[in-house]
Structure formats: structure tokens, C-alpha cells
Amino acid sequence: MTDHKVRQRHGIQVMEPPDSVQNAPILDEKKTIGHTKKYTKKRIVSNSALAILTLLSFITRFWKIDYPHQVVFDEVHFGKFASYYLKRTYYFDVHPPLAKLMLAGIGWFLGYDGHFEFDNIGDDYITNGVPYIGLRSLPAALGALLVPLTYMIMIESGYPVITAILAAGLVLFDNALICQTRLILLDSMLVFFMLCTFYCYIRFYKYRLREFSNEWWFWMIASGVTLGLTLSVKLVGLFTVLTIGIAVIVDLWNLLDIKRGLTMDHFKKHFYARAIGLIIVPIFVYLFWFYLHFAILNTSGPGDSFMSPAFQETLQGNVMSLESLEIRFNDTITLKHKSTSVFLHSHPQRYPLRYNDGRISSQGQQVTGYKFEDANNYWLIKPAKIFMDPSRPEDDFVKHGDYILLEHINTETHLLTHDVASPLMPTNQEFTTMPKDDDSRYNETVFQVLIDDGDSDTKWKTKSSYIRLIHFDTKVALWTHDKLLPEWAFKQQEINGNKNNVEKSNIWIADQIVGKNVTKPLTPEPPKRHLPFFAKFFELQRLMLSHNSGLTKPHPYSSTPVNWPFLVRGISFWTNNNDREQIYLLGNPFTWWISVGAMAVLVGVLLADLISRRRAIHPISEPVRNRLLNSGLFFFMAWFIHYAPFYLMGRSLFLHHYLPALICSYMVAAVVFNFMFVDSVNYPISVTGPRKAPRIVAKAVVKDITVITCTILLAISACVFYYFSPLTYGTPGIEPEGIRSRMWLDSWDLHFQPKRHDA
Amino acid sequence: MDYKLNNEDYEVILNPVRYSTSIVSLGDIRYRKKRFKEPDSPSRHDLPEDDLLMYDTKENGGKSITKFFTGISTSDVYNLLGLIVVSIIVRLYRLDHPNSVVFDEMHFETLALKYIRGNFFIDMHPPLAKLLIALPGYLSRYDGILDLENESEFFESKYPYVTMRLISGILGIFIIPFSYLTIKLSGFSTNAAFLVSALLIFENALVTQSRLILLDSPLMASTAFTMLIWVKFHNEKKRPFKTWWWIWLIMTGVGLGLTVSIKWVGFFTTIFIGLLTIKDLWDLLGDLHLPLIRWVNHFLARVLCLLVIPVILYMLVFAIHFSILENSGDDAISMSPEFRHTLNGHGMNDTPIDVGYGSTITLRHFNTRGGYLHSHNHHYPSGSKQQQVTLYPFKDENNLWIIQKETDPKIPFETINPSWIYHNTLIRLSHVLTEGWLHSHNIKPPVTNSDDQNEVSVYGSKDHSDTNDLWRVEIVDHEKSDSDSGRRLRAIHTKFRLFHINSGCYLYSHSNKLPEWGFKQQEVTCGKGATFINTIWYIETNSHPKLPSDTKMVNYKKLGFFEKFIELNQVMWTNFKSISLHPYLSHPSSWILLKRGIGFWAQEHYQIYLIGNPFIWWTSTLTVLIFVIEKLNTILKAKRGYIDRFSVKGEHVKLWSNVFLMGWCLHYLPFYLMSKELFLQYYFPSLYFAILLIGIGFDLITERFNSRNRTIIVTIFLIASIYIFILFSPLTYGNTWEKSSCDNSKWLSSWDYDCDLYVGSHLTRNTNTTGIEITNQEFSDIRAFDKRAAETEDEQDEQM
């Protein structure tokens, strides 16, 4: 990415480049014969570097990919999910489906039928007949492609070959990337699509002088598609969306500038083009994978219980449609609260006259929530006759909107609520009961049944209908919460009337009809119901989000974001006690630490530049500064956006969440390297516009010292990589002394480390 | 009026152009005044403070002590006095009503009582405001027993609750003059200043809040104070490093320190002032006429006053806090043993340092403050059904264990001299009272359901022990000054893990509590992949019959002030983050629209319900909205090349509206990021800034009006506000009300105060529903019953 300022200067102001920079005003570089040779030679160098890097990359990723032939770490989950696709049984996961669909696709090509459950880390693949090498080779191949992609991004951003080699080399020798991408996990797809997005967007941006040309459109749509793919792998793809979004906003803001001379109509055209390419297209891509997801998973499976009853009924052979019964008036039922799973319960004991805080109760019969099956949970549904259409038969089905009375069978009383504060919450209404032959407070015993998503024809069914019971007189909803009543109510749960009657926690389910059983058909029935795609989609999105933030269960290897860039701790993926082998997710400490250092340098340089410019000192030449600000800052922003939001997340986090940010930090490292060791920059790099004004072309000067430094850096990286590679590939085993010498930080809790004080 | 500007001290006046973007340019005002002699020439006191200084400079040679008061005239003083008198009446009216605890008052009352008694406690707010509140009680030497179990408990007549409320009320009144001066000194009209402070007087929510013993009115007072002083400092901008510049800068720092010491959300004020300061420094940096060294001076002065002073002040408040709370209290349990050791009543006797076979020890868990490894004669209800092992926070006979040898558990150590326990040796731990052994096996623990955890129990008898009782000592850390403790077990100094060799797991505990059957004590398990820090233990007390009498003794390190300060703040932070549910929680987005209030208190026919004056509240929100739109519009227009011809006045309005808008944003938006429970009160500092903005908005709209019309507008606006204030005042003061007018006042259905308790309701609540009259006798019976129930619960807790 370059800056518009360069363009503005064409023909207006000729910069005085340093002596060492070759520059010549030419019309079109390709037509000048003297340059053609150099150009092709350069191209050969560049392409062969690319080829070598790609080759090395595939070697490092596919080295001993068959080892270990056991389930490693999160392969437990993602392998399992791929199996579910092949068996077409419904499952639930917090991540969008694309990556798992890809894995399932590979499995399908290899003829794998999804019989293996991936239950435990360490389960054997060979004895279970799983084509795990094939499954692993997909992420490994995408992981290997990260290296050439990094290289191409740097070349497209206008950096010399040597800088691009450095960036790609850092990616090549990173143990964490290798370790994470050669297993059946989602991160290699995520990072791959993320880099693709960056690549496409940079290509698009380079066509900015040929706005609305075919190439311009092509690369923009391509960025949109890859953006959608990134998002379809994991929801953290949203960070990539944010990165590109900010870049687009900055770009549009510059276009809006009156000095650009764009009319408002022209600007709107730009705006709508981007809205289509970078918002609408990704949304469609994202929707498509979910469409496929629902289309494939049509059978009942382990994910059923996460979904709403309506959703479950769309699945073949699900419990909901098999075991649910329609409820009629004068049936006796038990009512279960959905979120706390207690039954609506009552017993002859009464509320105490006065509570500890001095408030007074009605002293009526207690109504509580009780966890266990009990005859006191039985309630008889009676129609509230005044509100009923008299033509309806005595044992008609109960429908949405019907008014009912609930009779407690054992005490022969009617459920009632009134405007008296409940025992624990002064804001909510007390529930009690009235003798059934006492009609004096009839209105206060009437409740309306509202079925979720119901209309007047929806029948109330056990298990599958979510209902709210709204009190006729005061409009409160029957509600309960986790708080327990004191001893006088046997520590059962409090039931009260919630004034906020639309709250989600008001939902109850009729658990069973007493005395009626379901006759189970033995063959799985076809789904009873069809839901529109969007209803399913939005339900699943809501669940994914809420479950994602609910993943707070501490894990022995979870870590906090502040530790990641400094590689304070890794994750133990797999161990083999016999040969002292282990796979431990740990980055290449050398490359991680230099990339963190590089980012500090970048920030320091930019701040120093900002401050000195404030004092009218311009220490960095304009083209170099623009490159640093645009491309350097873009990569830095990408790093920041893929990293900082994790601080705000409540869920448990792992080192591998840092990998997308890590790749960005390697590119920042290369930019800083370029700033330090390469004079000037290649510019301009944008594709020439239709208006062929004479352009000043400058080339970066690569000196010997540059090459030497790069070689040294990469050589050290390679050595460190090799040194730590047993932990990455899980083989060969290391002796305790070897482990000890590899424990550069005490916090790397490797297995098989020698016990301290052994000597 | 002679404006000859030749005083060399005022460098800005020599370079008016440089400063013209960020401050009111003096020169331009002069021109404006000269060119357009407006019919309604504002009084000289309507000018920004600096113009006045020009008068003063001329009249007093610039050395006037009245500088402190510049910007306000005699009429301002009268206005201020009037406003203060009105606000005293409005805010202190019937301060003793109700004579029972309202809302969170209970909390602060209890804390005040703890100050009086010197009992240590932990609260999630820093201590300054609480110290202030406790002061009357402290002075009156009140030490009666106040049982504030619940809200309906009546205050004992001697308890100085009115004085306490008075402190909060007076601090609440402070914002009235502060706001007046802020508007006035930032160069807006008297009318605007009057309007703003009058609106603040008649804001129901602010009145409600300041009448009660709560922390929000001290917080608002200090925020308003800081803002005012910063305005004063800003007005001194052109005379850097002069006396008054220093005074205001230091006072700003003091204001920041006070704000943060009252509540942590006061940190938003620090961020606000910090950003304003950064902007200032950035402007100064761009001034090429300013030598760099002088800029560095500017920078250091701000670091000193705005960073160092607040920090010192904050620590000072804690130093006072510690010096008062020197006795132990209920909350001390959450502090580290080292910390507790510094409190009276928690001291521990020195213990012999050397631990050997046969030593009777207590084992303490290092990371959680759950306490000692404990066992008692109760069994697990599931799993192995063997005897429970837990962590128990208090000293108890059941915490005692004897270290026995791996080989023969029966060696009578009473008669043999102790031999030391080195790293990697195997031991058995015998529970003294029940004579079983610390035991673990391949059975899942009762509560934590995890594959890598095993149950830990006490099993076996005096003579019967198996290999599942063997634990290996692994020393992981030790006191650096005591190298022996790195090689062998020593009390307190050695931190070690206990490795269960048969199942390969470490003795582990975490903050999960056991259910009723385990008396809510902390769970102890044996973990394989357990977090390292939670597997560390150390020996707190130690005794051995055969140790020589002159054996070396050891005790916890004495903590210095800094260590105590840091530890307490860490614990406060953990408490601060914890979330509890409350029926009146609300989301920040509902605050700006005043969707719902908070029910503070209700009894018989009275209630107090925190709700703002909707008229003022919604006007303030609208003002903020209009200013935001105006700012965005300006930015966009500038980008498209429309040049806004700002008058000098416009420039001035732009500066201060930016400042107040920023104040509003920074005191409001951060709440969206907080996953804490949030209440309507948290919006008050933002409300303050929004009401200040009303003042600017008023000046902007009425710019071209004459002074009579301006006064009329102010009057109409105020009458409307006062009318609505009175309308809602029964909720503010807890007065009686008609049910019908209560029902009519519910402009939003989400305002959930209870109209049924007022006279005129068909349903008189609480007393009549059952038709039972309670006699005093019955009442005391109920109380006795409750008490018995509570005692039985206590007894159960004690049955270990």
C-alpha cells in the first residue's frame, strides 16, 4: 500500500533522492530495453526464491506427518466434528463450519465414513482405521502455503526480494506455526484465509489509479470472498474484517478529501462499490457455508439439546418429536423451568407471617421450585371458562393464548399470584394457592399460556413447547431463580412473579402428562417440521456467541494474552512416556522475540518521527516515511487488531489464539528490517493509471550488509528451529538433560524435565 | 479601556496568532468589542477571565491577591449565595427522614462502625469517603452495638446518622458553586452559569443521592472540584510557571488524588484530565518559539503535579486507613497470612523452624487463602465414602498432622531425636485426632468432575497404612536468606508440593467450595495437570517433643506499608471485578434515557425511589446529542472544503464544548466495557458534564438576544424544572403522595415505583392482605424464632 501523497506529487515536485538510488524519469518501464533485462533477471531471482521457500515450507510441514498416529490435543474436537459431517448427525460447535467442512470433504474423498469418535487424546488412529494422514495433510498444505503467501504480500507491498525472503523465512522457521498447522486443527485455515485476504486487498489497492477497471473489481471481490472465508472458519475472523474495514475507511476518508477533487457522486460510487464487494459478498459467503452445514446435518445427534424445540423437530429421529405429546384440558402435568430445571411444586406448609427483614407475607400456601420428581409437582390444567369459546369441547387441546387455571392435585388448591412482595425479592410478586372451591379471587388464579413463536393454532406439547405463564390480573410471568428459600421452605427454590414478562428466563416446559406414555416407533421418522434457513441461522449464531463467551472453564494450559508475544508458556499437546516424546506448542523463541522487538522499534521510530516533525525536523525522507506509515502501520494495525481484543474476552484463552497476530508481527519485523538495512524504497508500486504522466521511479538499494544480516538472522532462526524441533514433531524423544537445556524460560513447563535437586 | 499589551511576561500576547487556535484570542475580542458595540454589551464579568486580568493588571499592577476571585463580580457573589441557600434548603430538608437504613446506607454504616472500632475490613472502594463519613461517629465516640442486619432495622437514637447524612449532603451542595464558577470562569454568561447551577439544585436524582450516606456525592463533588480547578489552571495558561499557575496545577493534582481515593471510577476523571494535558503539551510542542528545554519543564511540572501528587495522596489515605484499622476483623480472612500477622488479634506465636519426622504441623495452602489442610469425622457422601479432607480457614485441632516415615509408620517419635526431611523423600501424614492417614486413590473427587483429578481422603487407622498414603516432598521455593530451607523442610520458609507416587498427582486445592455436607469448606483433591501455583503448600506451625528448647524460631515477615498497600489493592481489585446480581442493575444505554430508577426504600406509605428530573435529564441528553451531531457535521464539512467562519466566540464555544463533551464521554462510555454490575448512579458525573453543556448551548442559542429576553428564557426554563422537581419530590424525600398523582407521574411504564402503597389505593398492601393484626408478643416470638434458626445454622457451621 502506498500513499496518495506520492501520486499528488507527480510532475509537481521532484524529490531529491539520495545519490545511491537509481532513478530515471521514464514513460513506461517495460518499454525501455535497458530495463527489460534487469526486470526479467529480477523476476527469475524472485520466483526462484519463492520456489525454494515453498519447497522448504512443504518439507517442514509434512515431515513425519504420520507421527504420532494418535489423537493429539484438540484433534479430539475437530476430528470428531468432521466425523459428524460424514455421518450427517447434528452437532454444535462455537466455530462456524467452513474449516470442519473442508476436513470432512477430505475425509469423504478418502472414503472415510466417520465411524471414529476421537474420544480421548492418545487414541490410536491406525487400529481404528482413520485416514489421518490425509486429514492432516489439508491443514499442513494450507499451513505450508503461508510461507509463499507472506513472500508475495511483501513483494506486492513493494519491498525488495531480500526483505520478502526474511518475512517468509521467519514464518518458515516458526515452530508454533508448524506444530499447529500439521494437526487436524482450524488455525491453519484461519491464518491462510487471513493472509489471502491481505494479499487480495493489497492487489486491489494497487489498482486504485485504475478505478472501476476489471482488475480493480476482480481483486476487490476476491478480497470480499476471502474475507467471508476467513470469517467462516472462526469468529475471530471478525478481527480480519475489522482490519480491512479500518483500511477501507481510511481510504474512503482520503477520497472524500476535497483536495482529491472527487465529486460527491463519484465518491458515492466508490462507497457503494466497496459496500457490495466487502460487505455484501462476505455475508453471502458466510451464509453459504451455514446453508451447506444445515443441508448436510439432517439427522439427530449430540448437538440436539443445544437447540430450540422447533429446531430439533427439523432433524430426523430426534427425541423432541418422538416423545412430545399434545396436552389437553384436564390433563395432569408437571411443569419444569427451562434454565434452572426445577419443577413447579407446592406443599401444605405456609409462608411465615413475617420475614427476617420485617416484611409481611400473605401467609398463604407455599409454592416453590423443587428439583426432584414428586407427587406434589402434579398440576391439573383446567380451562378458565369465562374466557373460553363455549363451543370448544371439554378435552380440547390447549393452544397458544388460552386462559387456564392450575389445580394442585394433592392439596386441591388453585395456583394464584397477587400483589404481595415475594419472600426474597421485594420487586416481584408472591405465588401461593387458594382452595379450589373458593371463587372469591377467581381472576387472580387465571393464567394465560403463551407458546414461544406460537399463533392461535399452536398446540401446547410436552417437552417441545417453550411456554410462558402470564398472570391474567397483574401480567407478571411465572418465574424462578437460583436463590433458595430458607429452612421454612426446606431450602427449595423461590417462585415469584416477574414483572418483566418478556425475559428469557420466564420459560417453562411441560415435562410430562401424568399417566400418558409415548408409544415409540422403532424406525426413525422423517423430520416433522421445516424451518426457514434464516430462522435456523440466527438461532445458531446466538448460541455460538453465548457459548463462546461461556467457555470460561479453566484449562491447565490456558494463558493470558499478555504472555503471548513474549512466549512465556506453551501448551502440552501430547506426550509419550515410553520414549520421552512430547509435542509442546512453543514458538521459535528467537523469531518471536525479534518480532516483538521490531514492533517496539516501529512504534518508537514513528513516535520519534511524529514528535520531531512537531518540532519542524524531518528526519526520514518522504517516500520512506510514507511506506513506513502505510504498509508498516497496516501490518502493525493488523497485529494489534488480531491481538488486543483478546484482553476484553472473558473466555479461556490459549497461546494458539496469537498465531494470526504472530504472522502480522513477522511482516512488521521485515518492514523494520527494510527500514534499517535497505536504503530508500521501490516506488511507485501502484499500477499506472490511464493518465500516463511521467513518473519518477526509484529502486531500493540492497547492499551487502543487508544480505549478510538477513542470512545471519535466518540462519539463527533455522538453528533455533532445529533445536526445538523435537518438541514440534514429537520425535525423537529428548533426554532430561536436553529438556533442561531447552528450558530457556522456567515457565516452559515441559514434561520429562529433570526434577530439581536431583543431583 | 486601554489595552496596550506591552507586558513582556505575557508571551502569548506577543504572539497572538500562535495561540489563536486553541484559546480565546485576546486581541480579537478587543477588536470585536471595538467594532460592534452591541446594544447589550455584556458586563465585564461575562468576559473570559483573562480579559479581566487585563483590567486587574492595569489597576493593581498584576499583583492583586484578588486574582483568586477574578472572574466573579459582586453580583456573582450574591447569585452564588442565593443558590447555596436554596440548595441547602432543597437538599437538607427533612434530612432525618427516614430514620431507618436506606439502600446501601447499611453498607457504609457498618463500615463506619468498623472504623470506630478499628476492625479491619475490605471494601471495593478506596477509603477516603468512608473515612469522612465515619468521622462524626468517631468524634462522638459512638461504640454502641448497632445491629444493621437488614434495612428495616431502626437506627438507635444515639447513632449520629443525621450528621453522617449531613456530610454527604454538604458535599452534594458543593457542586452548585463549583458548577457556577466553572461556567463563569470558562467565559460564559452569568445567565448560563445561573441556569446550570439551578438545574443541578433541582435534579431529583442528585438530591436523593446526596441526602443519604452514599459515596456518589463525595465523588461528584471532587470531580466537579477538579474540573473547576483545571479551568482556573487553563486560564493561567499564558503565565506559565508563575505562582498561580503552580497553585492551580497542584490543586488539580490534589483534586485527582481525592477523586480516585473516593471511588475507583474516579480514575475516569484522571484519564479526562490526562488527555486534556496531553493535548496541551502537544500544542506546546508545536510551538517552535518555545525552547525545547522549556517544554521539558512544562512536561515535568505536569508529571509532578498530576501524577506524583495524586499517587502520594492516594497512598496517604491508605496510610490513615491502616493506622485506624489495627485490629483484626471478619474480612481479614481474605488477606495473606503475612498481612494478617500485622493486625492485632491475628498475631501468631513464633514456631520452631526445624521440621523433622514426628513433628506435629499445620499445612497451609499457598495460593488460595482457603487456609489449613483439614480433616474431620465426616465422610464423603459419594466416591470412596471415606473421611473428608478440606481446607479450613481457622485454627483448629483438626488441622494438625504428624509427619511419619515412609518405612514404618509405627516408630515412636516421641522418644527419638528428629531427623530432617529432605527434598524427594517419601512421607506419610497422620491426622492427629482421627488417627487416619492422608490418602488418595483413583476415584473421582466429589465435586470437581475432571479426568485429571483424584479424591483425597483420610483413611486407615493407627496401625494400618498402605502405599496410597505415600507422598513425596518436592521443594519448589524457599526463603532466599535461609539456604537450608531449599534442601529440607523448614516451617514457613519452605514452599513445597506433595506428589502422590501411586497415581502421579499433586495435592491440590482451588477456590471451589464443597456443598453443605462439606460445610462449605474448600475442596482438596489430587491433580495431575493441576496449575502449578495451586499445588504449593507450606508449614505454618510446627512442634516436636524432642526439639531442644533453644531451637531457632521463625515467624512471618513483617510487612511494610507498601507491601500492605499493594496487597490490599490487589484484593480490592478482585472484589471489584466480582459480579453479583441485584434487581436494580441497569445497562449504560438505559441511563441516558432515564429508562428506570432504583427503589431505595419503601415502608408503610412512604418510599424513596432514585429517579432524575426527567425534564432536566432529557434536555441534557438532547444537548449532548446535538453537540455530537454538530461536531461530526463540522468535521465532514471541513473535509469537503466548506470553511466554517468561526467567530472568536465560536472558537471559544468550540473549545469548551469539546472539553465538556469529552468529560461526558470519558465518564460514560468506559462503562460499556465493564462487565461489572452497574447502577444508574454511575451516570451522575456524566450528567454533571451534560448539564454544563446545557449552559454552553444556552449561550449559543441566545447569543443575539438582549439580556432581558435571556433572563426570561432562563426563568421559564427554571420554573419548568422546579415544577417537575416538585412533581417527583415525594419519591425524592420519601413524603406522602396521592395514589392518583403517583399513577399520573409514571411517564414511562418502566419506572417501577410502587404507587399502591400510597393512600387511595384499593389495595393497602402488606398489612391488610391477610387481615391479621400482629401483636407485640407475636412479633417478638417471630424474632426469637428467626434468631433460633440463625443459631442452629451457626452451630452446624461449627460442627467440624
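The buried residues of helix H6 (residues 105-117) of chain B pack against helix H7 (128-139), helix H8 (161-185) and helix H14 (292-324) of chain B. Contact here means heavy atoms within 4.5 Å, and buried means under 20% relative accessible area, with exposed over 50% and partly exposed in between (1.4 Å probe, protein chains only). Helices (H or I, at least four residues) and strands (E, at least two) are DSSP runs, numbered from the N terminus. The model is a predicted one, in which local features need pLDDT of at least 70 and side-chain atom pairs count only at pLDDT 80 or more, while totals for chains, interfaces and linings use all residues. Residues are numbered from 1 along each chain as its sequence is written, chains are lettered from A and ligands numbered from 1 in the order in which they are written, and side-chain values use heavy atoms, with hydrogens and water left out.

Staying with H6(B), its buried residues include B:Glu105, B:Phe108, B:Leu111 and B:Tyr115. The helix has 13 residues, and at 1.5 Å a residue it should span 18 Å; its end C-alpha atoms are indeed 18 Å apart. The expected span is 1.5 Å times one less than the number of residues. Right after H6(B) comes B:Gly118, with a positive phi near 75°.

Zooming out, the domain assignment splits chain B into domain 1 (3-69), domain 2 (72-321 + 584-727) and domain 3 (351-555); such bounds come from an automatic or database domain assignment. The C-alpha centres of domain 2 and domain 3 of chain B are 54 Å apart. The unreviewed UniProt entry lists "domain: MIR" at residues 352-406, 418-476 and 486-542 of chain B. UniProt positions are given in the numbering used here, feature names are shortened, and annotations may be inferred rather than shown by experiment. Residues 352-406 of chain B are 0% helix and 49% strand, with end C-alpha atoms 23 Å apart. For residues 418-476 of chain B, the figures are 0% helix, 41% strand and 23 Å between the end C-alpha atoms.

Next up is strand S4 (residues 387-392) of chain B. Six of its six residues are buried, so the strand is largely enclosed by the rest of the structure. B:Gln387, B:Val389 and B:Leu391 point one way, whereas B:Gln388, B:Thr390 and B:Tyr392 point the other way. Two strands count as paired if DSSP finds at least two bridges between them. S4(B) runs antiparallel to strand S3 (residues 372-379) of chain B, joined by five bridges, and B:His374 sits opposite B:Thr390. Two bridges link S4(B) with strand S8 (residues 453-459) of chain B, again in the antiparallel sense, with B:Gln387 opposite B:Val458. Strand S12 (residues 522-527) of chain B is also antiparallel to S4(B), over two bridges, and there B:Leu391 faces B:Gln522.

Charged pairs come next. A salt bridge is a side-chain nitrogen of Lys or Arg within 4 Å of a carboxyl oxygen of Asp or Glu, and the structure holds 38 of them over all chains. In one of these, the side chains of A:Arg136 and A:Glu75 meet at 3.0 Å, N to O. A:Arg136 lies in helix H6 (residues 132-156) of chain A and A:Glu75 in helix H3 (residues 75-87) of chain A, so the pair ties together parts 61 residues apart in sequence. Both A:Arg136 and A:Glu75 are buried.

A:Lys206 and A:Glu156 form another salt bridge, with 2.7 Å between the closest N and O atoms. This pair links helix H9 (residues 187-206) of chain A, home of A:Lys206, to helix H6 of chain A, home of A:Glu156, across 50 residues. A:Lys206 counts as buried at 12% relative accessibility, and A:Glu156 is buried too, at 14%. A:Lys234 and A:Asp187 also meet in a salt bridge (3.3 Å, N to O), and both are buried. Over in chain B, shared partners join B:Asp354, B:Asp482, B:Asp484, B:Arg487, B:Arg488 and B:Arg490 into one salt-bridge network.

Finally, chain A has some backbone quirks. The peptide bond from A:Tyr67 to A:Pro68 is cis, with omega near -10°, and A:Pro68 is in the loop between helix H2 (33-62) and H3 of chain A. Another cis peptide bond joins A:Thr731 and A:Pro732, with omega about -5°. A:Asn330 is not a glycine, yet its phi is positive, near 65°; this residue is partly exposed, with a relative accessible area of 35%.
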